[in-house]
Structures are given as structure tokens and as C-alpha cells.
Amino acid sequence: MRHSTHFAPAVRGLRRAAVTLGAAFTLSAAASAEIFYVDLDLTTGANDGSSWEDALQGVDGLFAVRDLTFGGDEVWITAGTYVLGPPLPNGRTPFVVFSTGVTYRGGFLGGEESLLDRPLPGTAPTTFSGDTLGNDDGTFAGFADNTDGVVRVQATDATFENIRFTGGGGSATFGDPAVGVFARSGLVLERCVFEGNLHDGARVSGTPSFGDRDWAVLDCVFRDNGGDGLWITSNDRDPFDGIGPSLERCSFESNGGSGIRASQWSPDLVITESLFRGNGGDGITFESFGELGSFGQIRNCTVQGNAGIGVRHTPVTLFGPTVRNSILWGNGAPGAAQIVGTHFGPMDSIVQGSTAGVGVLDVDPLFVDAAAGDLRLASGSPARDRGAGVGIDPNAPDLAGRYRIFDDPAVPNALPGALDAIDLGAFEASPYVGDNSECAAVPNSTGRAGRVHALGSERVVDGDLTLVAEELPVSQFGMFLVGRQRALVPMAGGLGTLCLGGGIGRFNGPGELQLADASGAITLALDLDRIPQPSAFVAVQPGETWRFQLWHRDVDAAGQPANQMTGSVRVTFR
């Protein structure tokens, strides 16, 4: 029997001291939180979850940890596939979460002391599977043995981070859906993958009886599910209360239904930096069941090649969603409308077959290779520098993890604000490589946050990579730093955050310590055979990941000299 309680008294008597989570992404735990460890392959130790050495063991340990956790606790889970069956005696029941405010994190190898020590997301996946016989083949033909969904959340404020959910089977009824995750309100899904579930990838239902609390879906992938990628149902009747769901930097591809189905009384769902491609239904479906309608917002999204409408709002109501800085192209049958129903706008967008709205174009966006699913913007795309930068954080990443604002000098800006023009859709076209999403900077004395880009090639054999730091105070000294590991350490006696951990190298050789030029920039061409480390120079090898950041001098709010840090860039070399 998997549902065990015999660990609870012993472990609860050993509540450990508060843990520091190392500024874990956008999430943090309460000061009194405990971490419990689960290791799929461990067969030694105390099996009480108190450390990696004594981690709860296997799938049984995953079930046992539910009885040990309280609000604010975290569960760290090693990589591997946790098959949540054979079923409990009460039937093909999914993994049910009862405790409010518990966070489940995956992607660990075991032994990590900080969340920042984990491998990059996707490289060591933790999978929750409902395929009890291991016979799923991608066609849903072998789902008779699968659990009724993978995870059901009966509590509020649950978080799942860096976990893959697959093999949810069973019925399609509202109360017992065959989905990856079924939850009431107060849910956070971050860096999760939902694929190969019989019906929806995930279904979130917020009702007044459960508080109708805020929730978020961040950096997730929904693909190849039999129904909708994500189905949201909510009874939020106050669209002006500032409490509503948000969805950022997610992709929805090849799901049998719509990418997102938002069925709500007065939804104020905000969808940004996301991709909807090749779904069997609409890209985005809003279903409003109240008099007012939808207050949803769709910003900087690419909606392409879906079998249904790009954005649909039904039925006709007083208000509808807002579409801005987005691309709606090639959805539905040839000549079909790309957006139907009540809506505000669209504005500053490309919409096939229509120029209705403010700043709307009906012109091919020129994707790199739409047939192959590459919806980045090709050279000469009319979507470049076409969007409005108002309200856009210049350090916020696009779907690929690169800084959103890049002003292409070869493209005239269509809207006011030469330095704030952004591209339409989910991807910002720029010559830079790497990922800028790990560590953001605070504004320096220019009023803007310093940024570091990597320009050139990620291929070691090319030997062509240049670091570019910009938005710096003019004529202040700056020095690039380099390290393999990630950190988030507030600067002692300075401003900003140190983004690098482990051994940190300094580019302080001849010509490397520089003054920011008149445009507030410093550049440095790298010799990939001579990367400085604390004790020696090393050569970059294919497959390695390195991180770069710039330290520079500045002045604080009182006009006194201070140390300052830019954001960072992560480069995985090939």
C-alpha cells in the first residue's frame, strides 16, 4: 500500500532549521519551511526524507512525503520516471495533493545544496507518469491501464516546478479528468512539461468555495495532449480586483483541442510571450458565461497554423480580450478570420486578412521556417521593431530567453520611441546568442539596468564570441566576469546581484578593463582557449555552459561611488 503515514511523527519531531533557497527563480519558501528529499533509486539510509543521504525512497517515498509536509514546505525530487501506479485499493487514483502551500520541485541529480546547483531545465527530467504498464505509444491506444489523471490537487497554493506530466488517462468528466494536473485555485506551474495525456495537459478550476485565488503558469510546455493544452475555468466575477491568472513564456503545440481554453465568468487572464502552433482547435479560446465578458489580455504572442480560429471569444458579450504586439497568421481554413467574437483591438499586430484596429498589418510576417515550426522572424520581417514598448520591461526575456528589446538599426521604427521598439510575436529577432533569463539587474545611475549580450557563434570551433555590455554609465570602469555556475548573491557594499557562482574568473588583462564609451557600452572579443579562472586559464569545450556578467563602477542615489552589476548571459557551447 503506497499511502503511508508511519514516517510523520518521527520526522515532524525533527523539524529542521529554516532553509535558504538561494533566491530560487521567482519562487521562495517561508522562513520556517522544511525541505524533504525524494530519490527514485536510493536504497540506503534512514528513508525519512531529512537529507539526500536519508531521502525517501522511490515512488513509495513520493506518496509518503504527502503526510509529512505542511504549508511552505518543499519536496525536492531526483530525475527519473515516477510511475504513479499500480493503483491504490480505491481504484486508478492519481497522485493526490492534500496539503496547502507545498512546493514540488524536480530535476535534481541528488546531493544539491541549492536550487541553483541543479542541471539546466530539461536535461535531467523528473517525470510523473500515469502509465502503469509502460505501454503508451503516443496514440492513446494503450491507456486502459492508466491512472485517472496524473496529479489531482485538492489543496490551494500548490506549486509544481520543473516536472513532466504524462500518461494521464481515465474519464473525461469534470470531476475526474484524464489530464496531467487537475487543480483548484491557487496553483503555480513553472518550467513544467505536459505531454501525452489522454485529454487536457492541465485543468485549473477556481471556484468561490476554494477562494478563487490568483495562480500562474510560467515557462511551461503543453504538447501532444489529446484535448486542450490548458483548460482554465474560473468564477472570478470581479475583473477589476487586480487578482487574476497569468501565463508567461509558454508554448502550446500539437494538442488535439485548443492551445488554451479559458472558460470563465469574467476572466482577466493575461497571456504574454507565448506560442500557439498546430493545435487541433483554436489557438486561444475564451468562453465567457457572464454579462460583462472577457477582460483577457494577449500580448507578444505568436498564434500560427492552428486548425481553428487564432483567437476566439464566445458568446458575444459587452467586453472581449485585448490583442497587442502579436501575430495571428495561417489559422483555420484558407481565408478564415483570425480573430472572432467580441474583442478590443487588435492593436500593433499582424492579422492575416484584416487591417481592422490600430496599427494592424495584413502582411506575411516572414517566419524563418513556418513549415518546420521555426517561428522566429526572418531577415526583412515586417514584424521587426513594429511593436509598442510601452509597459514592456527591457530586461524581460522573450520565449527564447533573450532580452525583449533589441532595436534593429536597419529597420525604421513604426511607433514612437526609437529605443523602445520591440518585435511582434513571441520572439525578438536579434543577432545575439545565449540566454538572458537567469539573472536580471537593477537600474543603475542612467535609470536603466545594465545588460550583457553574447554576439557571434556558440560553436567552439568558430572561435567567434564577443561580449557586449550596454546601458552603462558613460566613462565608468567595467570588467567582465565569467563562471560555470549560477548564483544570486546581493552585492555586499554595492548595487545589484552577483549572478555567477563557483570559481569566478576576471577579464582584467591588458585592454580588458575598459571605460564605457559615449553610448554606454563595453565590448570584449573572447579567446575561447583562454578563459580566466581563479588558478589558471582554461579552454572552452563543446557541451560546456558558461555564464558572463559585467562589474562596473557607478554612483548611488546619494551620489557616492558604488559598485554595480549588470544582468548575465548564459551560453551553452556546441
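Reader: Let me start with one residue: is R191 buried or exposed?

Author: Good place to begin! This is a predicted model, and burial is read from the relative accessible area, where under 20% counts as buried. R191 has a relative accessible area of 15%, so R191 is buried.

Reader: Where does R191 sit in the chain?

Author: R191 belongs to the loop that runs between β12 (188-190) and β13 (193-195). There is also something to read in its backbone: the phi of R191 is positive, about 55°, although this residue is not a glycine.

Reader: Which other residue has a positive phi without being a glycine?

Author: Look at D385, whose phi is near 55°. D385 lies in the loop between β33 (374-377) and β34 (432-433). Its relative accessibility is 1%, so by the same cut-off of under 20% D385 is buried.

Reader: Let me zoom out. How many helices and strands does the protein have?

Author: You will find 2 helices and 44 strands. Of the 574 residues, 54% are buried. For contacts between residues at least 6 apart in sequence, 68% connect residues at least 24 apart. As for the surface, the protein exposes about 22,000 Å², and 54% of that comes from carbon and sulfur atoms.

Reader: Let me try a sheet. In what order do the strands of the open sheet with β34 come?

Author: Read the order from strand to strand through the pairings. Here 4 strands form an open sheet, β34-β35-β36-β40, with antiparallel pairing. The edges are β34 and β40 (522-525); each has a single partner strand, so one side of each is left without a neighbour in the sheet.

Reader: How many bridges join β36 to β40?

Author: Strand β36 (residues 465-470) is joined to β40 by 4 bridges, and the two run antiparallel. To find your way in the viewer, start from T466, which stands opposite A525 in β40.

Reader: Now the surface. Which residues make the nonpolar patch of about 270 Å²?

Author: That patch is made by F477, L513 and L515. A patch residue needs over 30% relative accessible area, and F477 is partly exposed at 42%. F477 is in strand β37 (residues 477-490).

Reader: And for contrast, is Q304 buried or exposed?

Author: Q304 counts as buried, with 12% relative accessibility. It lies in strand β25 (residues 302-304). Leaving out residues up to four places away in sequence, Q304 touches F276, R277, G278, W329, N331, F367, A370 and L375.

Reader: F276 is an aromatic residue in that list, which brings me to rings. What describes a pair of aromatic rings?

Author: Two values do: the distance of the centres and the angle of the planes. In this protein the count comes to 16 aromatic pairs. One of them is F140 with F143, 5.2 Å from centre to centre with 75° between the planes. Planes over 60 degrees apart count as edge-to-face, so the F140 and F143 pair is edge-to-face. F140 is partly exposed at 25%, while F143 is buried at 7%.

Reader: What are the values for F160 and F165?

Author: Their ring centres are 5.7 Å apart and the planes meet at 85°, again edge-to-face. F160 is buried at 0% relative accessible area, and F165 is buried at 0% too.

Reader: Which residues do ring pairs link into a cluster?

Author: The cluster holds F63, Y82, F95, Y104, F128, F160, F165, F194, F222, F252 and F276. Select these in the viewer and you will meet F276 again, one of the residues that Q304 touches.

How values were computed
Residues are numbered from 1 along each chain as its sequence is written. This is a predicted model: local features need pLDDT of at least 70, side-chain atom pairs count only at pLDDT 80 or more; totals for chains, interfaces and linings use all residues. Side-chain values use heavy atoms; hydrogens and water are left out. Buried means under 20% relative accessible area, exposed over 50%, partly exposed in between (1.4 Å probe, protein chains only). Contact means heavy atoms within 4.5 Å. Accessible areas come from the Shrake-Rupley method with a 1.4 Å probe; for residues, only the protein chains shown count as cover. Two strands pair if DSSP finds at least two bridges between them. Patches are made of residues with over 30% relative accessible area and no salt bridge: like charges are joined within 9 Å, nonpolar side chains (Val, Leu, Ile, Met, Phe, Trp, Tyr) within 5 Å. A salt bridge is a side-chain nitrogen of Lys or Arg within 4 Å of a carboxyl oxygen of Asp or Glu. Rings of Phe, Tyr and Trp (its six-membered ring) pair if their centres lie within 6.5 Å; planes under 30 degrees apart count as stacked, over 60 as edge-to-face and the rest as tilted.
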